[in-house]
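Reader: Got a minute to walk me through this one? I'd like to start with the core.

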Amino acid sequence: MRRVRPIAWYTVLIGLSLVFIAPLVWMLLTAFKTPGEATRVPPTVLPQEPTTGAFDTLLGNDQTPVLRWFLNSVLAATGQAVLVLAVASMAAYALARLDFRGKKLIFGMIIATLFIPSFVLIIPNFLIVDRFGMLDTLWALIIPGAAGAFGVFFLRQFFLSLPKELEEAAVLEGANSWQIFTRVVLPLSKPALATLAVISFLTNWNDFIWPIYVLFSPEQFTLPPGLAILQGAYTINYPVIMAGALVASIPVLLLFMVAQRYVIEGVSRSGLKG
Amino acid sequence: MAAETALSRTPPAQAGEAGAGGRVRRTGPLTAYLFLLPYFVVFATFVLAPAVYGLWISLHDWDYLLPGKPFVGLDNYKALFDSNSAVYSFWWESLTATGIFTLFSVPLLLSIPLLLALLLNRSFKGRTFFRAVYFAPYVLGVAVIGVLWRFVLDPNLGVVNSVLGAIGLPGDTPWTTALPWAWVTLVGVTVWWTLGFNAVIYLAGLQDIPRELYEAARIDGGGKWAEFRHVTLPGLRPVLLFVTVNTVLVSANMFGQSYLITQGAPGTETRTAIMYIAQVGLSDYKMGSAAAMSYLLTACLLVISLIVFRLFKEKDS
């Protein structure tokens, strides 16, 4: 589009990048320092005596089972992504392609809940989850979150944009709705399904307020409530806290690097729902 | 609306082709309901039911730990407006905290990301890379950024104060423990963390503005500013509306930053409404009162959203 002067231009861009990246690099470097060095004045940039001591402390403490938290986070985020894909894609297909009574009403209801602030649901959902015996279990982190309207809305939009010819051809070959859905629509929708899976995974991985109130036992925790525990337990032993933060960051940063276009796509679309 | 057109496209043509046989690809409604069922069960259980159940809870003296949960009508709501009640001053203090946070973070989260999106809406090498870098903090959860900034801004031990001190500036700013610094911290960290999200949405909106409009504006001979006012802003209106409403809602939902960075300090002055609701409902288990607070806050947000919608409508005409 417009021509830009390269040197000034890239100076601005790189300067801005530092603002976003420097704190993350600081977290990485601190995780490999000794507690004394982490808070030394004046600060050192690179660890003078690089050590994995913080990780040893973290792994050696039964009260803060970080590996277990990591595993729980992986299970919860993966479980929810799978569940969302399954239920949202089916519902979205019905809303995009099938004809039935009450369709407008149901779709309207789903859309309306996009505007319910999530905090209103926390207290009643605590009691509902309790009634199902899911308090202090990973199920509490997997199932309720799958009720979100975004997945249905997002996939419905995508299905509506698919050309109908392939589905019509499948009908002529005698396929039923289920076969059309699984053999024609879903294979055509891989990018949208990947986007939804990545967004669901990230959202669940990072969820904070819900897990700190529905999980009680340290071995049931995921990483975000775990970090709050670390902050309380190690107060100013910052290398240990940063080591925990690093464990919580690396998987999602890697996922973002690999699936960047899906994440950006998902976020861009969320703005177009208005 | 889109659903209607998608549906009405098929039947007439199909009916014509199918001739006497008539019934082509018309799956029974049962099939549709079966497709819908799994989602609807989850949706009804964890969205529809709690939305109503919460209202019911708010009408009771609902202590999770006690067997009896007597009906009290609107007492929980009245208590929020009665200066003699136990919750009154804490509730309004927390609502004020949320209000201050929203008031300062929303303008910054509307304007800075727009500038960033305009910056990125050009063609240059590495555009995707820089967009990803600016977005990166958003990929991390509030727990990570909370403990990270708590460390970086630690008034005694943090790197920000030691660097400021080393270059001759005051090195003892109480970033997390005193006002107004705690607000500077909470707003600043939130802007740093989430501006990439709004920027990406703006950028998608900017790319939807037809290039011909810019060319026409250039022929008309307005400057850059005229181009921005008469092409960019009107073209972004729907996106701007979404970003505004969404940012207000997200800001009013603020919880983790205060929980981890300031822990409500000084005193309980940066304890947000959500923090207070969660504490009353899920730590003290006074769920009736907490539910009433959450509905009152929802009502406030609804009014604010309607006002925003109105403002955007008026600009239209």
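Author: Sure, a definition to begin with: a nonpolar core is a set of buried Ala, Val, Leu, Ile, Met, Phe, Trp, Tyr and Cys residues joined through C-beta atoms within 7 Å. Buried means that 20 or more other C-beta atoms, placed from the backbone, lie within 10 Å of a residue's own (exposed is 12 or fewer, partly exposed is in between). This is a predicted model, where local features need pLDDT of at least 70 and side-chain atom pairs count only at pLDDT 80 or more, while totals for chains, interfaces and linings use all residues. Residues are numbered from 1 along each chain as its sequence is written, with chains lettered from A and ligands numbered from 1 in the order in which they are written.

Reader: OK, which residues touch the most other members of the largest core?

Author: A91(A), V152(A), A245(A) and Y39(B), out of 158 residues in that core. Helix 4 of chain A (residues 66-97) gives the most to it, 16 residues. Helices here are DSSP runs of H or I, at least four residues, numbered from the N terminus (strands are E, at least two).

Reader: What is V152(A) in contact with?

Author: Leaving aside neighbours within four places in sequence, V152(A) contacts A88(A), A91(A), A92(A), L95(A), I110(A) and Y39(B). Contact means C-beta atoms, placed from the backbone, within 7 Å.

Reader: How many residues of each chain are in contact?

Author: 82 of chain A with 77 of chain B. The chain A side has 63 nonpolar, 14 polar and five charged residues. Nonpolar covers Ala, Val, Leu, Ile, Met, Phe, Trp, Tyr, Cys and Pro; charged is Asp, Glu, Lys and Arg; the others, Gly among them, are polar.

Reader: And at what angle do helix 6 of chain A and helix 2 of chain B pack?

Author: About 100°, with axes 8 Å apart, for residues 119-131 of chain A and 29-58 of chain B. That makes the two helices roughly perpendicular, a label for angles of 65 to 115 degrees. The residues of this contact are twelve nonpolar, three polar and no charged.

Reader: Switching topic, how many helices and strands in chain B?

Author: 13 helices and zero strands. Buried residues make up 36% of its 317 residues.

Reader: Is helix 9 of chain B well covered or hardly covered?

Author: Hardly covered: among the ten residues of helix 9 (211-220), zero are buried. G221(B) follows helix 9 of chain B, with a positive phi near 80°.

Definitions and conventions
Axes fitted to C-alpha atoms, helices over the stretch in contact; angles between N-to-C directions. Parallel < 35°, antiparallel > 145°, perpendicular 65-115°, else oblique. Contact = placed C-beta atoms within 7 Å.
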